[in-house]
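Q: Hello! I have a model open in front of me and would like a guided, close look at one part of it. Could you walk me through that part and then show me how the rest is arranged?

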Amino acid sequence: MLSEPAASPIAKTDQSESTLTPVENGASAVDYQQLVNKLHNITVDDSVDTSFGGDNSLTSAPVTTPPSSPSQNSLVNGSQVTSAEDSKVLLSTDEHGFSYVRYESELQMSDIMTLISKDLSEPYSIYTYRYFIHNWPDLCFLAKDGSVTIGAIVCKLDPHKRTLRKRGYIAMLAIDHSYRRKGIGSKLASLAINAMSGQQADEIVLETEVSNLSALHLYEKLGFVRDKRLYKYYLNGVDAFRLKLWLT
């Protein structure tokens, strides 16, 4: 729910740069197990019958190899790295000097939650974040301006309908309001798409509100098409589009 729009598929989203997926918040171990069961079913539910068309080509850039052992406050790809931790997972920088890194540790969880929660009308439990990030840490990417986290994307990848086919899922994508319209959402989405493609994903899906034109534009520009309309998908009763990108 998860652009240059910003947050992704879990609850409601703001219409500028968010895409969040509806998932109930878990406050207990029982709730957490129910959450896990529901999230597992998100990517395999194809029962909704309303279809939509679209045709765009993928325009994502390849993920670059992280530097082997950069030193603190060194220059990487022409941009200063502000910490040894970030330098270990640095993937690339852009023309604005923003750096893109892979999730590294629980110490980054607070920044991710703070960023994404700004675009939610209902808070997520930390269990929601941990479900995705702890199970698929290699599919979580951050955008940073110096030491400040300004964007995040959280995804998962697992077998589809008990077959050998693998389906990727963009769960959350959020960009800080003051950094939008700078291509950060597209860059983060491209990193995630390439990472899932590299792990033999056959397709990638997500959901976003039908009224979130900014998110729809971003994803369709990357090659996603409107696969289905999900009526009253969100907790606020708003419909969603399920978007899909075929990789094979």
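The part to look at is strand β11, residues 240-246, and after it the other elements: what pairs with β11, and what can be said about the loops, helices and cysteines?

A: Happy to help. Please keep in mind that this is a predicted model, and every value below is computed from it.

Let's begin with the setting. The protein has 248 residues, of which 53% are buried. Its secondary structure amounts to six helices and 11 strands. About 10600 Å² of surface is exposed, and carbon and sulfur atoms account for 50% of that area.

Now to β11 itself. This strand spans residues 240-246, and six of its seven residues are buried, leaving the strand mostly covered. What are its partners? One is β9, residues 203-209, which runs antiparallel to β11 and is joined to it by seven bridges. To find this pairing on your screen, start from Glu209, whose bridge partner in β11 is Ala240. Another partner is β10, residues 225-230, also antiparallel to β11, with five bridges between them. Here a good landmark is Arg226, which stands opposite Leu243 of β11. As a general reminder, side chains in a regular strand alternate between the two faces of the sheet.

The loop from β10 to β11 holds Lys232. This residue has a positive phi of about 50° although it is not a glycine. That deserves a second look, because most residues other than glycine have a negative phi. Is Lys232 buried or exposed? With a relative accessible area of 67%, Lys232 lies over the 50% cut-off and therefore counts as exposed.

A comparable case sits in the loop between β8 (166-175) and α5 (184-198), where you will find Arg181. Arg181 is not a glycine either, yet its phi is positive, at about 65°. Its relative accessible area is 60%, so Arg181 too is exposed.

Next, helix α6, which covers residues 213-221. Its buried residues are Ser214, Ala215, Leu216, Leu218, Tyr219 and Glu220. When you judge which way they point, recall that an α-helix has 3.6 residues a turn, so residues three or four places apart point the same way. Just after α6 comes Gly223, with a positive phi of about 110°.

From here, let's move to the hairpin of β4 and β5. The strands β4 and β5 run antiparallel and are joined by three bridges; one pair to look for is Thr93 opposite Ser99 in β5. Five residues separate the two strands of this hairpin, and Gly97 takes a positive phi near 85° there. Phe98 is also in the loop between β4 (90-93) and β5 (99-102). Although it belongs to a loop, Phe98 counts as buried, because its relative accessibility is 6%, under the 20% cut-off.

This hairpin can be related to another stretch of the chain. Phe98 and Val148 are 50 residues apart in sequence, while their C-alpha atoms are 9.9 Å apart in space. In a similar way, Ser147 and Ser99 are separated by 48 residues in sequence and by 9.6 Å from C-alpha to C-alpha. Ser147 occupies the loop between β6 (140-145) and β7 (148-159). Unlike the buried Phe98, Ser147 is exposed, with a relative accessible area of 55%.

The cysteines come next. How many disulfides are there? The count is zero. For Cys140, the nearest cysteine sulfur is that of Cys155, 8.0 Å away, and Cys140 is in no disulfide. Cys155 is likewise in no disulfide, its nearest cysteine sulfur being that of Cys140. At 8.0 Å the two sulfurs do not meet the cut-off, because a disulfide needs them within 2.5 Å. Cys140 is buried, with a relative accessible area of 1%, and Cys155 is buried with a value of 1% as well.

Let's finish with a pair of helices, α3 (residues 109-117) and α4 (residues 126-135). Their axes come within 11 Å and cross at roughly 120°. That angle falls outside the 65 to 115 degree range for roughly perpendicular and is not over 145, so α3 and α4 are oblique to each other. Their crossing is right-handed.

Technical notes. Residues numbered from 1 in each chain as written. Predicted model: local features only at pLDDT ≥ 70, side-chain atom pairs only at ≥ 80, totals over all residues. Heavy atoms only, no water. Buried < 20%, exposed > 50% of the residue type's maximum accessible area, 1.4 Å probe, protein only. Helix = DSSP H or I, 4+ residues; strand = E, 2+ residues; numbered from the N terminus. Pairing = 2+ DSSP bridges. Areas by Shrake-Rupley, 256 points an atom, 1.4 Å probe, with all protein chains shown as cover. Axes fitted to C-alpha atoms, helices over the stretch in contact; angles between N-to-C directions. Parallel < 35°, antiparallel > 145°, perpendicular 65-115°, else oblique. Left-handed = near helix turned anticlockwise from the far one by under 90°.
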